[in-house]
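Reader: I am new to this structure. Please take me closely through one part, the surroundings of the ligand, and then point out a few loops worth a look.

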Amino acid sequence: MMLEEIEFKKATLEDEEVIYELASNLDYTPSAILNDIEKNVFAHVELAFFKGSPIAILDYWITFDSATIAIIYVEQKYRRNNIASSLMKRMYETLMDEGVKNIALEVRKSNIPAKNLYIKEGFKEINVKSNYYADGEDAIYLVKEMPSTPLILAIESSCDETSISITRNKKILSNVISSQIERHRKFGGVMPELASRLHIENVLYVLDTALKEASVMLEEIDAFAFTRGPGLVGALHVGMEVAKSLAAIYDKPLIPVHHLAGHIYANEYVSELHFPLLACVVSGGNTELIIMKDHLDYEIVGRTVDDAIGECYDKVARVLGLPYPGGVEIDRLAKLGKPTYHLPIPHAFNKYDLSFSGLKTHIINLVNSLNMKGQEINKADLACSFQEVALKELVDKVYQVASDYEVKQILVAGGVSANSRLKEILNAHYKNSNIELFFPPLSLCGDNAAMIARNAYHLYEKKIFASLDIGVDPNWEITDFNKF
Ligand code: KG4
């Protein structure tokens with residue numbers, strides 16, 4: 001049996017039958033466990049299934065900053081398969097999300113295998129509780145200290161979104177995003193000067209809302225993170241100045257975060273990262289294929305030699321008369337069309353590099369000349385034709401890099417990761433492969449501060465902090481993420 005074949009899930013009242021089945025082997029009554037599921041606000045009950053049958057249960061209680069394991073049980077014949085450890089690993093994530101400082105449990109003195117498991121998990125024997133169990137057996141009381149998880153406040157202001165998020169580990173307590181898009185739309189693109197001004201106007205309101213939503217006070221924050229680059233220089237400055245001021249007032253670390261590293265780490269809210277992985281960063285400003293062999297270890301193996309793919313989507317959308325931002329409009333329109341237009345196949349010299357400007361220029365020229373000749377353009381067909389060629393350029397390189405570097409995962413990141421056709425093509429290609437494919441949840445595809453906070457968490461662990469004289473860097477390279 002493989003661990004991957006085990007399904008873990010949070011118990012609900014619908015698992016009543018399952019609970020009765022498992023409880024027959026426990027000191028606990030089914031009604032006590034069902035009560036934990038339904039009414040006990042401190043309790044968390046997790047189940048493990050193999051081929052649809054319940055095989056393990058974990059019931060633990062979190063009371064403020066400490067936790068207790070009430071039940072941990074794996075059916076006899078499934079023991080020694082790391083199922084208990086996997087249940088505990090899921091529990092540790094939750095404990096870290098909740099800022100729990102220690103976790104305790106009692107185990108029967110005679111239950112040596114269980115005690116050994118806990119010692120292996122980092123629990124320490126504290127004392128013996130004599131006569132603890134109904135049959136008079138003693139209990140050993142064990143406690144494990146949890147690593148402290150910082151409460152991070154992150155600010156993202158690199159382009160036209162003012163966003164502030166407060167997170168603890170992988171728990172997003174708030175992620176407030178104030179988009180300026182409506183204000184830029186009439187210019188057909190982001191106006192840098194206007195963006196900076198709107199960030200200044202919005203940032204304190206966004207900060208206030210983020211704190212209220214998270215029910216957190218500034219005094220409680222352990223570190224202040226901000227997007228240092230790449231992005232619009234004036235826009236970046238606003239976020240940085242707010243982060244600096246807060247770090248100075250509360251005397252807490254200041255963490256500069258690379259915007260693309262943030263986009264990549266948005267995926268960590270949905271999955272653990274397994275290395276080596278390929279991060280495919282596709283946004284309005286960037287198109288990069290990055291190999292990561294470990295956390296915070298980035299190697300850019302391929303990139304666009306000219307326009308970013310999102311920029312190309314936006315320019316093509318503009319020439320077709322679609323509203324800004326055009327990516328999502330092309331995505332929508334392309335579904336209604338067929339790839340009937342013959343467009344040039346992009347070509348870049350380095351085998352992993354990409355190019356989009358030839359394709360863009362061809363379409364602009366084509367549309368202008370058809371307009372001049374008074375010929376009709378089938379916008380849906382042209383959008384579809386463009387999208388097929390642009391995405392083929394991207395996915396062919398993704399396939400190549402993924403296979404050459406023998407990656408375990410592919411993470412798609414950046415605004416264009418919201419594209420439905422890109423998802424469809426990659427999902428179909430990797431459906432039966434052992435490469436895991438991840439797209440961030442739609443809410444974390446665009447610019448947002450939760451993704452900045454997630455990357456900041458890893459920087460915090462490595463103590464990569466900045467002093468208050470740091471400046472922004474609109475052209476910051478991801479490989480220089482720790483140089484400032
Ligand atoms: O990451 P992002 O929000 O901003 C930065 O560039 O940093 O990316 C925005 C880009 C825009 O070019 C937008 O047109 C594109 O992502 N985009 C899309 C889709 N949604 C957003 N492109 C294609 N299909 C989409 N569904």
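Author: Here is the ligand site, followed by some loops and a surface patch.

This is a predicted model, in which local features need pLDDT of at least 70, side-chain atom pairs count only at pLDDT 80 or more, and totals for chains, interfaces and linings use all residues. Residues are numbered from 1 along each chain as its sequence is written, and side-chain values use heavy atoms, with hydrogens and water left out.

Start with the shell. The ligand is surrounded by 18 residues (a residue is near a molecule if one of its heavy atoms lies within 4 Å of it). The closest are Gly284, Asp314, Asp331, Gly415 and Asn419. By type, the shell holds 11 polar, 4 nonpolar and 3 charged residues. Here Ala, Val, Leu, Ile, Met, Phe, Trp, Tyr, Cys and Pro count as nonpolar, Asp, Glu, Lys and Arg as charged, and the others, Gly among them, as polar. Helices H8 (259–265), H9 and H10 each give the shell at least two residues. Helices (H or I, at least four residues) and strands (E, at least two) are DSSP runs, numbered from the N terminus.

Now the polar contacts (pairs of N or O atoms within 3.5 Å). Serine 283 places a polar side-chain atom 3.4 Å from an oxygen atom of the ligand. Glycine 285 uses a backbone N or O atom, 3.3 Å from a ligand oxygen. Asparagine 419 brings a polar side-chain atom to 2.9 Å from a nitrogen atom of the ligand. Taken alone, the ligand exposes 550 Å², and the protein buries 85% of that. These areas come from the Shrake-Rupley method with a 1.4 Å probe.

Next, the loops. Proline 325 sits between helix H9 (309–319) and helix H10 (326–334). The peptide bond leading to proline 325 from tyrosine 324 is cis, with omega near -5°. Another cis bond runs from glycine 229 to proline 230, with omega near -10°. Proline 230 lies in the loop between strand E11 (223–229) and helix H7 (233–250).

Glutamate 406 is not a glycine, yet its phi is positive, about 45°. Its loop joins helix H12 (379–404) and strand E16 (409–413). Glutamate 406 counts as exposed because its relative accessible area is 65% (exposed means over 50%, buried under 20%, partly exposed in between, with a 1.4 Å probe and protein chains only).

Last, phenylalanine 64. Its place is the loop between strand E3 (53–63) and strand E4 (66–74). At 71% relative accessibility, phenylalanine 64 is exposed.

Conventions. Polar contact = N/O pair within 3.5 Å; in protein donor to acceptor, adjacent residues only side chain to side chain.
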